[in-house]
Amino acid sequence: MRKLRGLWLLSVVLLLVSCSMSAKSDKPAENEATSAGEVLSLDKAAFLSKVFNYEKNGTNWVYEGDKPCIIDFYADWCGPCRQVAPILKELALQYKDEIIVYKINVDKEQELAAAFGIRSIPTFLFIPKDEKPRISMGALPREEFVKQIDTFLLKKK
């Protein structure tokens with residue numbers, strides 16, 4: 001009888017664990033997030049559709065987005081990248097109606113990093129709506145991000 005009870009209890013636990021692991025989360029995947037004020041991850045497919053389709057346009061720059069953006073080329077193991085991440089998150093929220101902030105993991109998206117000649121990280125691509133992008137290498141202070149956003153991306157000053 002004890003063996004039967006133990007077996008029944010074990011099967012209930014296994015059933016509950018398997019059900020909880022197969023349940024879908026209500027939270028969207030990071031690169032599928034749509035609400036403003038977030039730093040969004042890009043993979044190659046999303047980059048081609050939302051930023052620049054270099055396969056179709058070659059070297060002729062055509063921005064696919066509807067708002068200016070910043071792209072952070074980073075790696076999880078990079079100390080300066082981790083230091084800049086909270087600044088970018090804060091700026092994404094502050095400028096949520098005006099710009100989009102993206103991030104690209106260079107370890108996972110080596111083709112994208114190679115397409116832009118990324119050799120050091122962090123590297124930032126500032127992309128205005130109607131001009132060619134600017135690139136900046138190395139960790140930037142918050143004030144420099146604000147200056148680039150206001151003067152280059154939004155033409156406020």
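**Exercise 1. A residue after the last helix**

Is K155 buried, exposed or partly exposed? Work out its class, then describe its backbone and its partner.

*Solution.* A friendly reminder before we start: this is a predicted model.

Step 1. The relative accessible area of K155 is 46%. Buried means under 20% and exposed means over 50%, so K155, at 46%, is partly exposed.

Step 2. Next, locate the residue: K155 sits in the segment after helix 6. Its phi is positive, about 55°, although K155 is not a glycine.

Step 3. Now look for a charged partner. K155 makes a salt bridge with E131, and the closest N and O atoms are 2.8 Å apart. E131 belongs to the loop between strand 4 and strand 5, so this pair ties together parts that are 24 residues apart in sequence. E131 is partly exposed as well, with a relative accessible area of 35%.

**Exercise 2. The overall plan**

Describe the secondary structure of the protein chain and how much of the chain is buried.

*Solution.*

Step 1. Count the elements: the protein chain has six helices and five strands.

Step 2. Put them in order. Along the sequence, the pattern reads α-β-α-α-β-α-β-α-β-β-α.

Step 3. Turn to burial. The protein chain has 157 residues, and 39% of them count as buried. Its accessible surface comes to about 10100 Å², with 56% belonging to carbon and sulfur atoms.

Step 4. Consider contacts in the protein chain with a separation of 6 or more: 65% of these are between residues 24 or more positions apart.

**Exercise 3. Inside the protein**

Find the nonpolar cores and say which elements build the largest one.

*Solution.*

Step 1. Begin with the general idea: in soluble globular proteins, nonpolar side chains tend to be buried together.

Step 2. The largest nonpolar core here has 27 residues, and those touching the most other members are F47, V51, I71, F73, Y102, F116 and I127. Helix 2, strand 2, strand 3, helix 5 and strand 4 each give two or more residues to this core. Strand 2 gives the most, with four residues.

Step 3. Zoom in on F47. Leaving out residues up to four places away in sequence, F47 touches L42, F52, Y54, I71, I104, L112 and F116. F47 also belongs to one aromatic cluster, together with F52, Y54, W61, F73 and F116.

Step 4. There is a second, separate core of 18 residues, and V39, I99, F145 and I149 are among its members.

**Exercise 4. Two rings**

How are the rings of F124 and F145 arranged?

*Solution.*

Step 1. The whole structure holds seven aromatic pairs. In the pair F124 and F145, the ring centres are 5.0 Å apart and the planes stand at 90°, so the pair is edge-to-face.

Step 2. Place the partners: F124 is in strand 4 and F145 is in helix 6, 21 residues apart, so the pair links distant parts of the chain.

Step 3. Check burial. F124 is buried at 0% relative accessibility, and F145 is buried at 0% too.

**Exercise 5. A sulfur link**

Which cysteines form a disulfide, and are they buried or exposed?

*Solution.*

Step 1. A search of the whole structure gives one disulfide. C78 and C81 form it, with their sulfur atoms 2.5 Å apart.

Step 2. The angle about the S-S bond is 75°, and the link of C78 and C81 is right-handed.

Step 3. C78 has a relative accessible area of 4% and is buried, while C81 is buried at 3%.

**Exercise 6. More charged pairs**

Examine further salt bridges in the structure and compare where their partners lie.

*Solution.*

Step 1. The structure has six salt bridges. In one of them, the side chains of E90 and R142 meet at 2.5 Å, N to O. E90 is in helix 4 and R142 in helix 6, 52 residues apart, a link between distant parts of the chain.

Step 2. E90 is partly exposed at 42%, and R142 is partly exposed at 27%.

Step 3. Another salt bridge joins K156 and D150, at 4.0 Å from N to O. K156 is partly exposed, with a relative accessible area of 47%, whereas D150 is buried at 9%.

Step 4. Finally, K44, E55 and E111 are joined into one network by salt bridges that share partners.

Conventions. Residues numbered from 1 in each chain as written. Predicted model: local features only at pLDDT ≥ 70, side-chain atom pairs only at ≥ 80, totals over all residues. Heavy atoms only, no water. Core = buried A, V, L, I, M, F, W, Y, C linked by side-chain atoms within 4.5 Å. Buried < 20%, exposed > 50% of the residue type's maximum accessible area, 1.4 Å probe, protein only. Contact = heavy atoms within 4.5 Å. Disulfide = S-S within 2.5 Å. Phe/Tyr/Trp six-rings, centres within 6.5 Å; stacked < 30°, edge-to-face > 60°. Areas by Shrake-Rupley, 256 points an atom, 1.4 Å probe, with all protein chains shown as cover.
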